[in-house]
Amino acid sequence: MIGIGWYFLYYGGIALACYLLGCFNGAVIVSKYILRDDVRNHGSGNAGLTNFHRTFGGGLTFVVILCDVLKAVIAVLLGSWLFRGDPVLGKYFAALFCLLGHMFPCMFRFKGGKGILSGGAIALMIDWRIALVVWGGFLILVLLTRFVSLGSLWAGASFPFVSWYCYPEPWAVVLAFLCGGLVVWQHRANIKRLLAGNENKFSLRRKKEGGQS
């Protein structure tokens, strides 16, 4: 019983640490505490990079990018280090809880982002081959269509399959499908808009209030 309790305490602690790292949402922190204007009160109401850029633009966009990338990097490194004997599984374990924190941050009323920037950093930290497929497809689709959401859906949907190819370990595959599924689920409103033909296209310029992301 002591061994089982220690097991749950140890891995539960890793999960909690990675979740809390994920909760460090760059878009919310920068907009709410630096700009004093919560990004979730604008545009689509999403606490992600796209909505932040469309709403505020400017150099602080790079601060949001840095926050969301760094937390993912730290989480994956932590998981890899603490999962002794199976660092690959540790990376996927950490990735899942970091994404959960990013999407459903407990300190921001569980209203976070969609996980693309953090998820992209996670893919790069896990394996360059996974990042090549995820980021390559994302960039091609965005450049061809200017729909960030379409590229994001590719990233979420392709992540588990390329992970399966690179690391056919049962638990790693399960965690990869959970990560990819969360990203796709967070874009369900975008899917509806894409099908209806009224999804907004990406622009380097700020959009007026009321845009979607």
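**Exercise 1. A pair within one helix**

How many residues apart are Lys71 and Asp68 in helix α4, and what does that make of their separation in helical turns?

Solution. The model used here, and in the exercises that follow, is a predicted one. Begin with the spacing: Lys71 and Asp68 are three residues apart in helix α4, so about one helical turn separates them. Next, consider the side chains, where Lys71 forms a salt bridge with Asp68 and the closest N and O atoms are 3.4 Å apart; this satisfies the cut-off of 4 Å that a salt bridge requires. Finally, turn to the surroundings of the two partners. Lys71 has a relative accessible area of 3% and is therefore buried, and Asp68, at 2% relative accessibility, counts as buried too. By the rule applied here, the count for the model comes to four salt bridges.

**Exercise 2. The setting of Arg40**

Determine where Arg40 is placed, whether Arg40 is buried or exposed, and which polar partners its side chain has.

Solution. Step one is the location: Arg40 is found in the loop between α2 (26-34) and α3. Step two is accessibility, and here the relative accessible area of Arg40 is 5%, which means that this residue is buried, the limit being under 20%. Step three concerns the charged partner: Asp38 forms a salt bridge with Arg40, with 2.6 Å between the closest N and O atoms, and both Asp38 and Arg40 are buried. Step four adds a backbone group, since a polar atom of the Arg40 side chain lies 2.8 Å from the backbone oxygen of Phe108. Step five completes the environment: when residues up to four places away in sequence are not counted, Arg40 touches Val28, Lys32, Gly45, Asn46, Ala47, Phe108, Arg109 and Lys111.

**Exercise 3. A buried glutamate after α10**

Work out which side chains make polar contacts with Glu199, and establish how accessible Glu199 is.

Solution. First locate the residue: Glu199 belongs to the segment after α10 (188-196). Its relative accessibility is 9%, and Glu199 therefore counts as buried. The side chain of Glu199 then makes two contacts to be listed, one with the side chain of Asn190 at 2.9 Å and one with the side chain of Arg193 at 2.8 Å. The pairing of Arg193 with Glu199 is also a salt bridge, with its closest N and O atoms 2.8 Å apart, and Arg193 is buried, as is Glu199. Leaving aside neighbours within four places in sequence, the residues in contact with Glu199 are Phe147, Ser149, Asn190, Arg193 and Leu194.

**Exercise 4. The nonpolar cores**

Describe the largest nonpolar core, name the elements that build it, and then find what lies outside it in a separate core.

Solution. The largest nonpolar core has 41 residues, and those with the most contacts inside it are Ile14, Tyr92, Ile122, Ile126, Ile130, Phe159 and Tyr167. Two or more residues are given to this core by each of α1, α4 (60-82), α5 (87-103), α6 (116-126), α7 (128-145), α8 (148-166) and α9 (170-186). Of these, α5 supplies the largest share, ten residues. A second core, separate from this one, has ten residues and includes Ala27, Val39, Phe52 and Val64. For a closer view of the first core, take Ile14, which touches Leu82, Phe83 and Phe93 when residues up to four places away in sequence are not counted.

**Exercise 5. A covered helix**

Find how many residues of α6 are buried, and which elements they pack against.

Solution. Counting first, nine of the eleven residues of α6 are buried, which leaves this helix mostly covered. Among the buried residues of α6 are Gly119, Gly120, Ile122 and Ile126. As for the packing, the buried residues of α6 lie against α3 (49-55), α4, α5, α7, α8 and α9.

**Exercise 6. Two contrasting residues**

Decide for Phe8 and for Cys98 whether each is buried or exposed, and describe the setting of each.

Solution. Phe8 lies in helix α1 (residues 2-22), and its relative accessible area of 59% means that Phe8 is exposed. Together with Ile4, Trp6 and Tyr7, Phe8 forms a nonpolar surface patch of about 510 Å² of accessible area. Cys98, by contrast, is placed in helix α5 and is buried, with a relative accessible area of 0%. Setting aside its neighbours within four places in sequence, Cys98 is in contact with Cys18, Tyr19, Gly22, Lys71, Ala72 and Ala75.

How values were computed. Residues numbered from 1 in each chain as written. Predicted model: local features only at pLDDT ≥ 70, side-chain atom pairs only at ≥ 80, totals over all residues. Heavy atoms only, no water. Patch = residues over 30% accessible without salt bridge, like charges linked within 9 Å, V, L, I, M, F, W, Y side chains within 5 Å. Areas by Shrake-Rupley, 256 points an atom, 1.4 Å probe, with all protein chains shown as cover. Helix = DSSP H or I, 4+ residues; strand = E, 2+ residues; numbered from the N terminus. Buried < 20%, exposed > 50% of the residue type's maximum accessible area, 1.4 Å probe, protein only. Polar contact = N/O pair within 3.5 Å; in protein donor to acceptor, adjacent residues only side chain to side chain. Contact = heavy atoms within 4.5 Å. Core = buried A, V, L, I, M, F, W, Y, C linked by side-chain atoms within 4.5 Å.
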